[in-house]
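Student: Could you take me on a close look at one part of this model, the sheet and the way its strands pair? I'd also like to hear how far to trust what we see.

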There are 2 protein chains.
Amino acid sequence: MGSGSAANGGGGGTARVPMPPARPFLETLGGNMKETFLPDDPFRVVRRERGCGRRAAAALRYVFPFMEWAPSYTLGTLKSDLIAGITIASLAIPQGISYAKLANLPPVLGLYSSFVPPLVYAMMGSSRDLAVGTVAVASLLIGSMLSEEVSAAEDPALYLHVALTATFFAGVFQALLGVFRLGFIVDFLSHATIVGFMGGAATVVCLQQLKGMFGLDHFTTATDLVSVMRSWRWESVVMGCGFLFFLLITRFFSKRRPRFFWVSAAAPLASVIIGSLLVYLTHAENHGIQVIGYLKKGLNPPSATSLNFSSPYMMLALKTGIITGVIALAEGIAVGRSFAMFKNYHIDGNKEMIAFGTMNIVGSLTSCYLTTGPFSRSAVNYNAGCKTAMSNVIMSVAVMITLLFLTPLFHYTPLVVLSAIIMSAMLGLIDYPAAVHLWQVDKVDFCVCLGAYLGVVFGSVEIGLVVAVGISILRVLLFVARPRTTVLGNIPNTMIYRRMDQYTAAQRVPGVLVLRVDSPIYFTNASYLRERIARWIDDEEDQCKEKGEMQIQYVVLDMGAVGSIDTSGTSMLDELRKTLDRRGLQIVLANPGSEIMKKLDSSKVLEAIGHEWIFPTVGEAVAECDFVMHSQKPGMVMGSGAPHENLV
Amino acid sequence: MGSGSAANGGGGGTARVPMPPARPFLETLGGNMKETFLPDDPFRVVRRERGCGRRAAAALRYVFPFMEWAPSYTLGTLKSDLIAGITIASLAIPQGISYAKLANLPPVLGLYSSFVPPLVYAMMGSSRDLAVGTVAVASLLIGSMLSEEVSAAEDPALYLHVALTATFFAGVFQALLGVFRLGFIVDFLSHATIVGFMGGAATVVCLQQLKGMFGLDHFTTATDLVSVMRSWRWESVVMGCGFLFFLLITRFFSKRRPRFFWVSAAAPLASVIIGSLLVYLTHAENHGIQVIGYLKKGLNPPSATSLNFSSPYMMLALKTGIITGVIALAEGIAVGRSFAMFKNYHIDGNKEMIAFGTMNIVGSLTSCYLTTGPFSRSAVNYNAGCKTAMSNVIMSVAVMITLLFLTPLFHYTPLVVLSAIIMSAMLGLIDYPAAVHLWQVDKVDFCVCLGAYLGVVFGSVEIGLVVAVGISILRVLLFVARPRTTVLGNIPNTMIYRRMDQYTAAQRVPGVLVLRVDSPIYFTNASYLRERIARWIDDEEDQCKEKGEMQIQYVVLDMGAVGSIDTSGTSMLDELRKTLDRRGLQIVLANPGSEIMKKLDSSKVLEAIGHEWIFPTVGEAVAECDFVMHSQKPGMVMGSGAPHENLV
């Protein structure tokens, strides 16, 4: 190590931090754009191939991942997918009908939505475990947002048209996000937000369903006990509670013994069958038990002409589409990613968005409403041992058979069973352990979660979302506006500099204040940093005075963690230099990155500070300060003369 | 250095990165709140004193800085302030009248606004150089925002009331920002935004004034030359151009020779006097030259009862107040800070906000509209040698005398002279060199500037502001969503690790990939980082395959620059660990800060990774990996066995 150290001796004078070579503006721009929008370099698979034909094939395989697995599809894989597909179909049918009710849509739409979208996803999606279908929270959102302006009871046709239009917009928005590689927008819904938001939505849905189950919809204004008792339908309450208990028990059982996952997966369909049989045999529909009634037979009717782009409802559909689209994306992408991680394959978030978007656009043209990848159904799919997206195709075929032949069987299905199915699914969304984990690890994240929860429960779904995203973004902005600065101290007998608040061994260097800035220097934090650095210097001078030590003469800024700087930042450094100059202090920069060097150079701040005061390491910077202060070899002062040996 | 190195030998096992001691939640919260909201520790002056009385006095001095300088005020200082005060008064009177016209307010309000607010500021402001008064851009903003809903021509009384109410709200908002120490909100208006915004506003105002000067207001629909010529008032054009030329010449002269600052400072008043005399002597008011006319004599009437808190206009006043209040603050604080920097004293931004807020609240009760610290007037004040805020008091007295006795003299002042004064001030706001500087140093900042400029010129003042703030915030969010990761390489014969893209000497370590993350790991960038790190590993593996080198077995993450982490971040690290595990790679963390260690510990991720894979430095981490890979002393592998000798 020894010989290279000579350059580090006294005097300085040469800039030892290399200045990056000038690059053409467009090249820099291109590089930055690529880092920003194509971080995962998705076209690598195409670029690797040679020849036009092979590249086209690779591109096709990129857009339609089923071309990747279809050629090598075997009978063994089909068997696995068949079991998984039938299992999720048995879950999809009752859930589809139930969730359509949440969205105030005709029950048959839930079945339609489990037929076409899974086929589209099977072709375009890159997850092997995701099971496509409608989800409770998005259904609830559609229901509550649309009901503000259109009544599903008074004008069901208009309501349906607006809902389909919203689905169309959601699909277009999702696909656009994917095409323009703006997937990071979904990242702004943090895990904490989603936990709180889902929990809140689940609470609201459960209360709603309970109200329905206890027949409180029929509440009269009379509050005497007799009226209340009359408005109760005990048959409904007993049936609802019974099935809810059954569903919760099976879920609990399957959770404890993952091998019996199919018990909880089959429970909803079993409940529907038992409930329908009970009603059919006892004619309970005449005793206050509401039933689904007539369900239209036949496959999805085309609905392109139902899309409503006319003025008063278009904005409503657009707003609903964008919000529900983002929420649905967040759930679908998170689900896809987690299962991909379990099985160790890669999912391209932006490509998934295009798949979801296409699925919803096609869905909106074939009488389907918003679909995504629900967690519960995908977990069942995964547990049932699915191997490829073929399980979605199997589910789709099962739903098709139901639509073609079995819809009359649902005539006697009691609504309370659907309520029980919804509630049992919802109770699974309230994730206490996650909230406890948030509290333990990060209090701010817990606040975000709680904000989302309370916002949804006491305000509305939208308010909860706004509160949570607002807190999250405020946190990011606060972080950017208030970066940390720390004082570094020397580890005795080395040239290492470490945070004095973390490493107790670190000691002050007399005459030199070493500060480390932990963030890019931007317009949002430039004046804060100026003030904070001034306060560090004041504090240090006070301390020196109290202890009668040598006053500081150098302020070394460790720029190692400063990733970027803008013009406000360069001006700040220049102002800091002038202020320090006036106080008789010299500013020294250590370890600036190449982008920083470039900007400091083009703004002439580098020149003003002086090339000789820029060092590649804090150790060298302090050694030089020491050398000048004592006018002798730095090695003799510091105890150890070897250069390049400090760390930051 | 040698002896400490033994601990670094094989095996690992002990966590050498210290875990911070657990601190009570409230203490942590308090510390964080202090860092966030009181970075400059403003109460230090009070805390330093002993005894209640002395502390109360210190607190009073803190709120009313004039108590600091008043006791030691001398005749010499008074002389300096007297000269400065009279100079700025000669500028304030014509500017005040002109800017009131921009805001569609009666000219006398400009004089009122130069009487009360400077007195308030002299007591509460901490800048010694700031000269208080109305500013062109805020006046323009008030004019354009209020005119959208209230017509100044049709209902001048209502317009005045709404303008005063807006001033009141601006004051309240400013004071609240100061009290809650939210000064950083002003920082979100970056320098680039302000340059573009001011330039755009100046362009709009100049075009407006030119239109007025050329009499284009009287344009008929007839476009034949005779009508156009008739609508021209050549007297007006000649007079306007003459005075504009005079003002620009004097400004140019004063700029070249700073000693003659008073030439340009006195030029507006001289123009007003000469113009008024000319009109009086030639009776030009009968030849198409519009004059100010009657100006009410007497001091500010109280206006508390004029404040309009009734429904339809309150929201307008609130919106106008908040926007103009922030713009005015941004200008005032920037001006105060720059002069404080020149003279090397400290300004507390939040305290200044309270001073500005109080000044505008009191102003709104005494018939003044929005005031702040204009740059031009403060520069004149500074050049004239002001010593304390007393110069504001002198100006205030001069304006008072004008209001009491001299208003009739302005009867014949031609409006074109006021237009010329406005235009000459506005041309000074178009800051080409700053825009060129932005282009050279930072292209994004230039885009922000250009966006603000074009938005103001082709849209409206508000659109320009929204565009510029939007781009700025988007940039911050993009930065947070897309942090930089870089590969570090070893500098041969040392244990130093540096960015491979910056230092050409840095070389790959066989079998180990060293990555450095340059930002906190948050929900906004967690999934990006996971993907980007996966791509780094893929790239590295491809390269190794091509070159036939040893495949990587360790991924060392340098966490030195990771200032903070949230629950999404800890989950990301855990997922990364699992993914790497499955690929047969070991994750190693180097140099995590104390906050990171704490969060990793409470989320159990530390346990999952294993304490033995956390190292204080990259060098030690790589040495350990090497040791395990070769099962021999790391010192023999790396060429240099001394520990603690790397830098990041």
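Tutor: Happily! In this predicted model, strand E5 (residues 586–590) of chain A runs parallel to E6(A), and 2 bridges join the pair. Within that pairing, Leu589(A) sits opposite Ile614(A) of E6(A). Strands of a sheet pair through backbone hydrogen bonds, in either the parallel or the antiparallel sense. Stepping back, E5 and E6 belong to an open sheet of 6 strands in chain A, ordered E2-E1-E3-E4-E5-E6, with mixed pairing. Its edges are strand E2 (497–499) and strand E6 (614–615) of chain A, each of which pairs on one side only. Helix H23 (residues 526–547) of chain A packs on this sheet, where it touches strand E1 (485–490), strand E3 (512–517) and strand E4 (554–558) of chain A. The direction of H23 makes about 150° with that of E3(A).

Now for confidence. Chain A has a mean pLDDT of 82, with 92% of its residues at 70 or more. Among its elements, helix H7 (residues 116–124) has the highest mean, 94, and helix H28 (residues 634–638) the lowest, 40. Over residues 632–648 of chain A the pLDDT is below 50, although this stretch has 56 contacts in the model beyond near neighbours in sequence. Where pLDDT is low, the predicted coordinates should not be read in detail. For the model as a whole, the scores are ipTM 0.76 and pTM 0.74.

Finally, the second copy: a turn of 180° with a shift of 0.0 Å along the axis lays chain B on chain A with an RMSD of 0.1 Å. The two copies are therefore related as by a two-fold rotation axis.

Key. Residues are numbered from 1 along each chain as its sequence is written. Chains are lettered from A and ligands numbered from 1 in the order in which they are written. This is a predicted model: local features need pLDDT of at least 70, side-chain atom pairs count only at pLDDT 80 or more; totals for chains, interfaces and linings use all residues. Copies are superposed by least squares on the C-alpha atoms of residues with pLDDT of at least 70 in both. Two strands pair if DSSP finds at least two bridges between them. Helices (H or I, at least four residues) and strands (E, at least two) are DSSP runs, numbered from the N terminus. Two residues are in contact if their C-beta atoms, placed from the backbone, lie within 7 Å. Axes are lines fitted to C-alpha atoms, for helices over the stretch in contact, and angles run from 0 to 180 degrees between N-to-C directions. pLDDT is the predictor's confidence in each residue, from 0 to 100.
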